[in-house]
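Got your viewer open and a selection box ready? Here is a short tour, one stop at a time.

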Amino acid sequence: MDDQTRTELEAAAYRRLQKHLMEDRPEVQNIDMMNLAGFCRNCLSRWYQEAANERGIEMSKAEGREAFYGMPYDDWKKKFQTDASAEKQAAFDVAFKENVLGEKG
């Protein structure tokens, strides 16, 4: 497979993942994704932002989130996000440190 075809397939898979998370399963909470899988929609939006920045495209955190969410993040939170229990928040704090900050322990 040539590089262009691989890139196109990867982009198609990303778009399908984004559609699944944003349209098919918006009720799945970011905190649950992070606690179970070590990443969430915010991670995907950050990776998108980082890829843009690496290519010389200036993109803020808010712009990356809006590109991924298809709306301002605060609007998404109001529409779909629910309050997390103390137990979920504690698990998230551990998952965030391990998966985003790279801290083990």
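Before the first pick, a word on terms: helices here are DSSP runs of H or I with at least four residues, numbered from the N terminus. By that rule Glu-23 sits in helix α1, which covers residues 3-24. Keep in mind as you click around that this is a predicted model.

**Stop 1: the whole chain**

Show everything as a cartoon. You should be able to pick out 6 helices and 0 strands in the protein chain, so reading from the N terminus the elements go α-α-α-α-α-α. Turn on the C-alpha trace and its extent along the principal axes is about 45 × 35 × 30 Å. Colour by accessibility next: 25% of the 105 residues of the protein chain count as buried. If you like contact maps, look at pairs at least 6 apart in sequence: 50% of those contacts join residues at least 24 apart.

**Stop 2: Glu-23**

Go back to Glu-23 in α1. Is Glu-23 buried or exposed? Its relative accessibility is 57%, and because the cut-off for exposed is over 50%, Glu-23 counts as exposed. Now draw a distance from Glu-23 to Glu-103: the C-alpha atoms are 32 Å apart, with the two positions 80 residues apart in sequence numbering.

**Stop 3: Ala-37**

Select residues 30-37 to light up helix α2, and find Ala-37 in that helix. Ala-37 has a relative accessible area of 51%, which means it is exposed, given that the line is drawn at over 50%. Add a distance to Glu-27 while you are here; Ala-37 and Glu-27 are 10 residues apart in sequence and 16 Å apart from C-alpha to C-alpha.

**Stop 4: where α3 meets α4**

Select residues 41-54 for α3 and residues 61-69 for α4. How do the axes of these two helices cross? They come within 8 Å of each other, at an angle of roughly 115°, and the crossing of α3 past α4 is right-handed. To see the contact itself, show side chains for Arg-41, Asn-42, Leu-44, Ser-45, Tyr-48 and Gln-49 on the α3 side, then Lys-61, Gly-64, Arg-65, Ala-67, Phe-68 and Tyr-69 on the α4 side. Coloured by class, the residues of that contact split into 5 nonpolar, 4 polar and 3 charged.

**Stop 5: Tyr-48**

Stay on α3 and centre on Tyr-48, which belongs to that helix. Which residues does Tyr-48 touch, leaving aside its neighbours within four places in sequence? Tyr-14, Met-59 and Ala-67 are in contact with Tyr-48. For Met-59, the C-alpha distance to Tyr-48 is 9.2 Å, and the two are 11 residues apart in sequence. Tyr-48 is partly exposed, because its relative accessible area of 37% falls between the 20% and 50% limits.

**Stop 6: Ser-60**

Move on to the loop between α3 and α4, where you will find Ser-60. Ser-60 counts as partly exposed, at 32% relative accessibility. A distance label from Ser-60 to Val-100 should read 18 Å between C-alpha atoms, for a pair 40 residues apart in sequence.

**Stop 7: the cavity**

Last, switch to a surface view. Rolling a probe the size of a water molecule over the atoms shows where empty space is left. How many cavities of 30 Å³ or more does a search of the whole structure find? The search turns up 1, and the largest cavity holds about 30 Å³ of space. Select Pro-26, Val-28, Gln-29, Asn-30, Arg-41, Trp-76, Phe-80 and Gln-81 to display the lining of the largest cavity. By class, that lining has 4 nonpolar, 3 polar and 1 charged residues. Arg-41 may look familiar: it was one of the α3 residues in the contact with α4.

How values were computed
Residues are numbered from 1 along each chain as its sequence is written. This is a predicted model: local features need pLDDT of at least 70, side-chain atom pairs count only at pLDDT 80 or more; totals for chains, interfaces and linings use all residues. Side-chain values use heavy atoms; hydrogens and water are left out. Axes are lines fitted to C-alpha atoms, for helices over the stretch in contact, and angles run from 0 to 180 degrees between N-to-C directions. A crossing is left-handed if the near helix is turned anticlockwise from the far one by less than a right angle, and right-handed if clockwise. Contact means heavy atoms within 4.5 Å. Ala, Val, Leu, Ile, Met, Phe, Trp, Tyr, Cys and Pro count as nonpolar, Asp, Glu, Lys and Arg as charged, and the others, Gly among them, as polar. On a 1 Å grid over the protein atoms alone, a cavity is a set of points where a 1.4 Å probe fits but cannot get out, and a pocket is an open set with protein on both sides within 12 Å along at least five of seven lines; lining residues have an atom within 4 Å of a point. Grid points are joined across faces, edges and corners, and a volume is the space filled by probe spheres set on the points. Buried means under 20% relative accessible area, exposed over 50%, partly exposed in between (1.4 Å probe, protein chains only).
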